[in-house]
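Reader: I would like a close look at one part of this model, with the residues named one by one. Please keep to what can be read from the coordinates.

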Amino acid sequence: MIIFFEYDIKKDIFTISMKPDGNGEERTAIYNLKSGTDEKTDYRKQLLEIMVPGKDGIRELQLPEYKQNQTEDKLTLIWIRLAMKTIYDYKGNPVCIIGKMNDIEEERRERDKLKNQAERDGLTHAYNAKTSLRLIEERLQCLEEGNRGALLLIDIDKFKNINDTYGHMAGDQVLCEVAAVLRECFREEDIVGRPGGDEFVVYMDRMKENKALADTCERLLQNIRKINAANAGKVTISVGAVVTKRGDRYDEVYKLADNALYRAKREGRDGFFIA
């Protein structure tokens, strides 16, 4: 659906003409953006913030859409592409703003799908190496003074033996099972990536102290031990971790976590060490 609009600045009258695709009937609606206290108040407010004289051009944003059913108007958020132009009188004063809105919800979903595919590892759906690095570097740069994060490097113990003994299909199943446990053990906003092979990386925000990090690592080890991958035997991991602070660089904390990981391996695997 394409929506044409005109906003009379002086009279505060916002008129929209909705033209459905195909042979649907054209509809018109009129609003006063600066007044009104009905259920569309938020809708009016957002439109008023957009209708600024001289702010011409094209932008993409989310606006509420009211879809009417038999009993009530249902509010949903949709992505639109808005093109607008200011009309002036002969003295150069803004008179009205005209333009059109296009529903790009489906386009945005397809774009997000392609972006997600480009950022994810095809097997485990964890972030790939390039995306993991970028996201973790961004988190480190955003750390405020006094706040802490944590970087964890995770290796599946004796993964080569799993592939050699049980086959690559069993190995792939173990990788997927480990990735699933990582997603369950960490928060949605935490970064879970697979740089490659049998290595995973996790970055967490809001890590208060080493004890909290140790508790997190121990819970992760326990959940990994519960993996029941058919024909792949017992699955365990080794974890190297480090608490991060403002000013830390990725290559520095990665090296610390990597050294901690190898210490965990030297001490018998199926364990963790915090740098």
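Author: What follows starts with one short helix and then moves to other places in the chain. The model is a predicted one.

Helix 4 covers residues 159-166, and in this helix Phe159, Ile162 and Asn163 are buried. Viewed down the helix axis, the buried residues of helix 4 fall within an arc of 95 degrees, so they line one face of the helix. The face turned away from that buried side carries Lys160, Asp164 and Thr165, which are exposed. As for what the buried face meets, the buried residues of helix 4 pack against strand 7 (149-156) and helix 5 (168-185). Helix 4 is followed by glycine 167, and the phi of this glycine is positive, near 100 degrees.

A second place to look is serine 238, which is found in strand 10 (residues 237-244). Is serine 238 buried or exposed? Serine 238 has a relative accessible area of 0%, and the cut-off for buried is under 20%, so serine 238 counts as buried. The side chain of serine 238 is joined to the side chain of aspartate 157 by a polar contact of 2.6 Å. Leaving out residues up to four places away in sequence, serine 238 touches Leu153, Ile154, Asp155 and Asp157, as well as Leu261, Ala264, Lys265, Arg269, Asp270 and Gly271.

Helix 2 can be read in the manner used for helix 4. Helix 2 (residues 105-119) has 15 residues, and from its first C-alpha to its last it reaches 21 Å, close to the 21 Å expected at 1.5 Å a residue. The buried residues of helix 2 are Glu105, Arg108 and Glu119. Seen down the axis of helix 2, these buried residues fall within an arc of 60 degrees, so they line one face of the helix. Glu106 and Ala118 are exposed residues on the face of helix 2 turned away from the buried side.

The last residue to consider is arginine 134, found in helix 3 (residues 129-142). Arginine 134 has a relative accessible area of 35% and is partly exposed. Its C-alpha atom and that of arginine 109 are separated by 23 Å, with the two residues 25 places apart along the chain.

To return to the starting point, helix 4 has its buried residues on one face, and those residues pack against strand 7 and helix 5.

Conventions: Residues are numbered from 1 along each chain as its sequence is written. This is a predicted model: local features need pLDDT of at least 70, side-chain atom pairs count only at pLDDT 80 or more; totals for chains, interfaces and linings use all residues. Side-chain values use heavy atoms; hydrogens and water are left out. Buried means under 20% relative accessible area, exposed over 50%, partly exposed in between (1.4 Å probe, protein chains only). Helices (H or I, at least four residues) and strands (E, at least two) are DSSP runs, numbered from the N terminus. The arc is that of the directions from the helix axis to the C-beta atoms. Contact means heavy atoms within 4.5 Å. A polar contact is a pair of N or O atoms within 3.5 Å; within protein, one must be able to donate a hydrogen and the other to accept it, and residues adjacent in sequence count only if both atoms are side-chain atoms. The expected span of a helix is 1.5 Å times one less than its number of residues.
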